[in-house]
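Trainee: I am new to this structure and should like a close look at a single part of it. Would you please take me through one transmembrane span and then place that span in its surroundings?

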Amino acid sequence: MWSILKGEWRKLRRCQILLVGIVALALCPVVQYGSQLILNPEMRDPNYNFVTLFSNVVWGNTQMFLPLSLVMIGGWLIDRENTNDTMKNLLTVPVSYPKLLGGKLIVTMSLSLLFGIYSVAVTVLAGWLVGLGGFSSTVLLQQGTQVIAAAFTTGLVCMPMILIFGQIRGAYLGGSLLTFFLGYCILFFKGGFLLSAYPFSAALILAGFDMQEYNGATQAPSVLLALAGMAAVLVLTMAILLLSHPSQKAGNSKRKKVKKGRGRRRAR
Amino acid sequence: MSDYVIETRGLTKQYGAQTSVSDLSIHVRQGRIYGLLGRNGAGKTTTMRMLLGLTDPSSGTVSLFGKPLRGNEKKILPRIGSLIESPGFYPNLTGTENLRIFADLRGLKSPKYIKSALEVVNLPYRDKKLFSQYSLGMKQRLAIALAIMHNPELLILDEPINGLDPIGIAEVRDFIRELCDATGKTILISSHILSEIALLADDVGIIDHGVLVEEESLEELEAKNGKYFRFTVSNAAAAGRLLYERLGIHDMTVDSANELTVRDLHLDTAQAISLFVGAGLTVSDAHLYEDTLEDYFKKVTGGEGIA
């Protein structure tokens, strides 16, 4: 497994698709702060500070930016083995297919952590550039930890989508859009079972995010239900992993050629 | 234990109603180069994919090194190096970086494996050029380097000279021959280029429309190939009569007024020519002809020849 992980990291060298995450997470604090600015002055939060920005970033990351980026990157990591015709080389080593997928998930989860750290950095930079107050080492530690934890739990929630859409050739872009939509849906669950058990809500709750203050939740969320929601995601991920098997077309480049003819873009 | 490194029994692959490979039984002997010859779409690649477990057969069995492939993949596959269809690598990495990934997966810690594999195919070690910038020939060479990097006992090479220039083709041919002769490796090579198989293979399997129509050693095939004498004389019928009456030759045909074909190889041509000249016939040509592998291919596939 170690050699699979090492290989997966090596494969990321010079990968332009990582820019999707880098750009998206840089946009998050800008968009969140910008949305304050476009409100009528009387609607704006007069006490908007670093803590508010961090909370907005946690919300924005989980609702939009991370689901979109992680499913796109994770799905592409799987998809590229078919489009680059490398699956046949891996399977004849032989590398176990579920282990290979597992390695890709671990790398994607590591990326979610790195994106979390990066998100903290760009949030601090953005807040400093616009002159927000309320920054301290305690705020950085508490809020920064929450950003990173939420990035990780959001990554966990994205795993089934990565596995499903990564294995359907060329579908990872569609999968990332669908996941973006699913992430966006947390906006609608303000009470009841789904407030806690809906996986994206669970990701926030388990990261210690205050759903009542920032989501306008009408009741306190249940950590137990959130754990159950996350456990369901992990069970589903494991089931997909174990049931996955390589396409019989692995290494068959004929279909790739057809797609190329349609002018399909391929990330490098 | 079986004498064969590769043995298939009744191997069949169907895609829906279409049969890609039908009841294929091939036998590859140790230390030999087996050439699988067939037109494009004859089923060569599908066969090789089934040999590597990349495609499940619809029916039939594959045995490698005397063991069934199914259930023994972890033991068998590391003993094989393969090149199937087009070279598949990561375009954002250099050749060396690509090989390093597979070297790690195969547990090859020392860089010497990568270095020597690249050396064999004349590619530079630690070159900065990315795989996406490689020419087709360089990509093919890298794929061969990947196949041989771990020093496998068996090589399965699907059209390995695709994309190579004439010098590259000759180099790869010599290299494959040397691998077999010097290190005793067994090599299964497929091609639609008949001359390559004729130059390289010890044993030949001819596959047509998914069916193995012939499997022989090259010597046996050559022996099977028709040999005959052809004379161009002023009167073929008279020449034929002379051969029959004076030399007792029966197996011959008068092709035209001036052409006579003799299939009895015991004929002493010098004696025949002096006989013709003595009888006042003019002899303008006398040749021993031999059918080529292409002629044989046409004969057994019942169709046109290939490149």
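Mentor: Let us take residues 113-135 of chain A, whose end C-alpha atoms lie 22 Å apart. This span is 74% helix and 0% strand. Please keep in mind that the model is predicted. The choice of span rests on a UniProt record: an unreviewed entry lists residues 113-135 of chain A as a transmembrane region, along with residues 58-78, 147-165, 177-200 and 220-243. One of these, residues 58-78, may be set beside our span: there the chain is 100% helix and 0% strand, with the end C-alpha atoms 27 Å apart.

The chain around the span is likewise built from helices: chain A has 12 helices and zero strands. With a radius of gyration of 20 Å, close to the 18 Å that the globule rule gives for 268 residues, chain A is as compact as a globular protein of that length. Its C-alpha trace spans about 60 × 40 × 35 Å along the principal axes. Of the 268 residues of chain A, 46% count as buried. Among contacts in chain A between residues at least 6 apart in sequence, 85% join residues at least 24 apart.

Finally, chain A has a neighbour: 24 of its residues are in contact with 28 residues of chain B. On the side of chain A that touches chain B, the elements giving two or more residues are α1 (2-11) and α4 (87-91). The most comes from α1(A), with six residues. By character, the residues of this side divide into seven nonpolar, nine polar and eight charged.

Key:
Residues are numbered from 1 along each chain as its sequence is written. Chains are lettered from A and ligands numbered from 1 in the order in which they are written. This is a predicted model: local features need pLDDT of at least 70, side-chain atom pairs count only at pLDDT 80 or more; totals for chains, interfaces and linings use all residues. UniProt positions are given in the numbering used here, feature names are shortened, and annotations may be inferred rather than shown by experiment. Helices (H or I, at least four residues) and strands (E, at least two) are DSSP runs, numbered from the N terminus. Two residues are in contact if their C-beta atoms, placed from the backbone, lie within 7 Å. Ala, Val, Leu, Ile, Met, Phe, Trp, Tyr, Cys and Pro count as nonpolar, Asp, Glu, Lys and Arg as charged, and the others, Gly among them, as polar. The radius of gyration is taken over C-alpha atoms; the globule rule is 2.2 Å times the number of residues to the power 0.38. A residue is buried if 20 or more other C-beta atoms lie within 10 Å of its own, exposed if 12 or fewer, and partly exposed in between; C-beta atoms are placed from the backbone.
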